Amino acid sequence: MEAIWLYQFRLIVIGDSTVGKSCLIRRFTEGRFAQVSDPTVGVDFFSRLVEIEPGKRIKLQIWDTAGQERFRSITRAYYRNSVGGLLLFDITNRRSFQNVHDWLEEARSHVQPHSIVFLLVGHKCDLEPQRQVTRQEAEKLAGAYGMRYVETSARDAINVEHAFTELTKDIFQLVRSSRLKIQCLSQELKLSPVQSLASLAMATAGPINLFIIKIFCT
Ligand SMILES: Nc1nc2c(ncn2[C@@H]2O[C@H](COP(=O)(O)OP(=O)(O)OP(=O)(O)O)[C@@H](O)[C@H]2O)c(=O)[nH]1
Ligand SMILES: [Mg+2]
C-alpha cells in the first residue's frame with residue numbers, strides 16, 4: 001500500500017513582527033492573501049503536503065510564531081522540535097534585516113546540540129520601489145550563514161511554493177544521508193537514535209511514516 005506521505009517535517013517560521021510570516025504561510029497552505037492580518041498571538045499551526053519527487057510526499061507541520069517580543073517565552077519552546085525553518089525579513093524594512101542575526105542566535109541557542117536547516121527569505125518582493133535591502137547583500141548574509149536565499153511575495157504569490165519546496169528538499173537530502181535523529185510515529189518500531197534509511201526500509205519492508213525532528217550538527 002502506498003503511504004500518503006513518507007515523512008513529516010516540523011518547520012518553524014520566525015522573524016520580526018509584520019514581516020509577513022502569517023501571510024506567507026496562509027498563501028502556501030490556503031492559497032489566499034488577506035491585506036489585513038492580525039498579529040499572531042503566541043503560535044499558530046498549519047500543515048500541507050508537498051510532493052518533492054513524483055510519488056514522494058512530505059507532510060509539513062508549520063509553526064507560525066509571533067514576532068512580537070512579548071511572546072518570545074512561548075515561541076522559544078517550538079525551536080526544539082523543528083527540523084527546518086524560514087527566517088523572514090521584509091525587503092522594505094532594513095531593521096528587520098539587521099535583526100536576522102539575532103533571530104538566528106535565538107534559534108541556535110534553543111536547539112543545541114542539534115541544528116535547524118534555515119532558509120533566509122526576503123519577503124514582500126512585490127514592493128520593489130520601497131526596497132531597503134538589496135538582493136546582493138541578502139545573498140551575502142545568507143552565504144555567510146550557509147543558507148539559501150529566496151525572495152517571496154504572498155500578495156502576488158511569487159516564489160511561495162519554491163521557498164517551502166526547496167527547504168523540504170534540503171531536509172530530505174539530510175534524511176537520505178542519514179544525518180538525522182529519527183523519531184518514529186509508530187510505537188511498535190523501536191529505532192536506534194540514528195538509523196540509515198536503507199536499514200529502515202529493510203526493517204519495515206516498505207514505506208513508513210516518520211516524524212523527523214532533529215538534525216545532528218555535523
Ligand atoms: N505588499 C505586501 N504586503 C504583505 C505581504 N505579506 C504580508 N504583507 C502585509 O504585511 C502585514 C503583516 O503581515 P503578517 O503576515 O501578519 O506579519 P507577521 O510577520 O505574521 O507578524 P506577527 O504575527 O506580528 O509576527 C500585513 O498588513 C500584510 O498585509 C506581501 O507579500 N506583500
Ligand atoms: Mg503572524
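Here is a run of questions and answers on how the labels in this predicted model follow from its computed values.

Q: What makes Ser22 and Thr40 the ligands of the magnesium ion (ligand 2)?
A: Distance does it. Ser22 (OG) and Thr40 (OG1) sit at 2.0 to 2.1 Å from the ion, and a donor has to be an N, O or S atom within 2.8 Å of the metal. So both oxygens qualify as donors. Water is not among the atoms, so the site may look incomplete.

Q: Where in the chain do Ser22 and Thr40 lie?
A: Ser22 is in helix α1 (residues 21-30), while Thr40 is in the loop between α1 and β2 (43-53). The two are 18 residues apart, and the pair links distant parts of the chain.

Q: Why is Ser22 called buried?
A: Its relative accessibility is 8%, and buried means under 20%. Thr40 gets the label by the same cut-off, with a relative accessible area of 11%.

Q: How do you know that α1 is largely enclosed by the rest of the structure?
A: Count the buried residues: 8 of the 10 in α1 are buried, so the helix is largely enclosed. Among them are Lys21, Ser22, Arg27 and Phe28. After α1 comes Gly31, with a positive phi near 70°.

Q: What makes Ser37 a polar partner of ligand 1?
A: An oxygen atom of ligand 1 is 2.6 Å from an N or O atom in the side chain of Ser37, and a polar contact needs such a pair within 3.5 Å. So that one passes. Ser22 passes too, with its side chain at 2.9 Å from an oxygen atom of ligand 1. For Arg155, a backbone N or O atom lies 3.2 Å from an oxygen atom of ligand 1.

Q: Which residues come nearest to ligand 1?
A: There are 23 residues around ligand 1, and Ser17, Lys21, Gln35, Ser37 and Gly67 come nearest.

Q: Why is the pair of Phe28 and Phe164 called stacked?
A: Two values settle it. The ring centres are 3.9 Å apart and the planes meet at 10°; a pair needs centres within 6.5 Å, and stacked needs planes under 30 degrees apart. So the pair is stacked. Phe28 belongs to helix α1 and Phe164 to helix α6, 136 residues apart. Both rings' residues are buried.

Q: What makes Arg48 a charge over the ring of Phe28?
A: Arg48 lies over the face of Phe28, at 4.1 Å from the ring centre, and the distance cut-off is 6 Å.

Q: Why is the pair of Tyr7 and Phe172 called tilted?
A: The planes are 55° apart. Stacked needs under 30 degrees and edge-to-face over 60, so what falls between counts as tilted. The centres, at 5.9 Å, are within the 6.5 Å limit. Tyr7 lies in strand β1 (residues 7-15) and Phe172 in helix α6 (residues 160-176), so the pair ties together parts 165 residues apart in sequence. Tyr7 is buried at 6% relative accessible area, and Phe172 is buried at 3%. Ring pairs also bring in Phe9, making a cluster of Tyr7, Phe9 and Phe172. In the whole structure, the search finds 7 aromatic pairs.

Q: How do you know that Glu151 is buried?
A: Its relative accessible area is 3%, against a cut-off of under 20%. Glu151 lies in strand β7 (residues 148-152).

Q: What makes the link between Glu151 and Arg135 a polar contact?
A: The side chains are joined at 3.4 Å, and the limit is 3.5 Å. Apart from neighbours within four places in sequence, Glu151 is in contact with residues including Ile91, Gly122, Cys125 and Asn159.

Q: Why is Asn159 called partly exposed?
A: Its relative accessible area is 33%, and partly exposed covers what lies between under 20% and over 50%. Ala157, at 44%, also counts as partly exposed.

Q: What makes the backbone at Ala157 worth a look?
A: Most residues other than glycine have a negative phi. Ala157 has a positive one, near 55°. Asn159 has a positive phi too, of about 60°. Ala157 lies in the loop between β7 and α6, and Asn159 is in that loop as well.

Methods. Residues numbered from 1 in each chain as written. Chains lettered and ligands numbered in written order. Predicted model: local features only at pLDDT ≥ 70, side-chain atom pairs only at ≥ 80, totals over all residues. Heavy atoms only, no water. Donors = N, O, S within 2.8 Å, 3.2 Å for Na, K, Ca; no water. Helix = DSSP H or I, 4+ residues; strand = E, 2+ residues; numbered from the N terminus. Buried < 20%, exposed > 50% of the residue type's maximum accessible area, 1.4 Å probe, protein only. Polar contact = N/O pair within 3.5 Å; in protein donor to acceptor, adjacent residues only side chain to side chain. Contact = heavy atoms within 4.5 Å. Phe/Tyr/Trp six-rings, centres within 6.5 Å; stacked < 30°, edge-to-face > 60°. Lys NZ or Arg CZ within 6 Å of the ring centre and 35° of its normal. Near = heavy atom within 4 Å.
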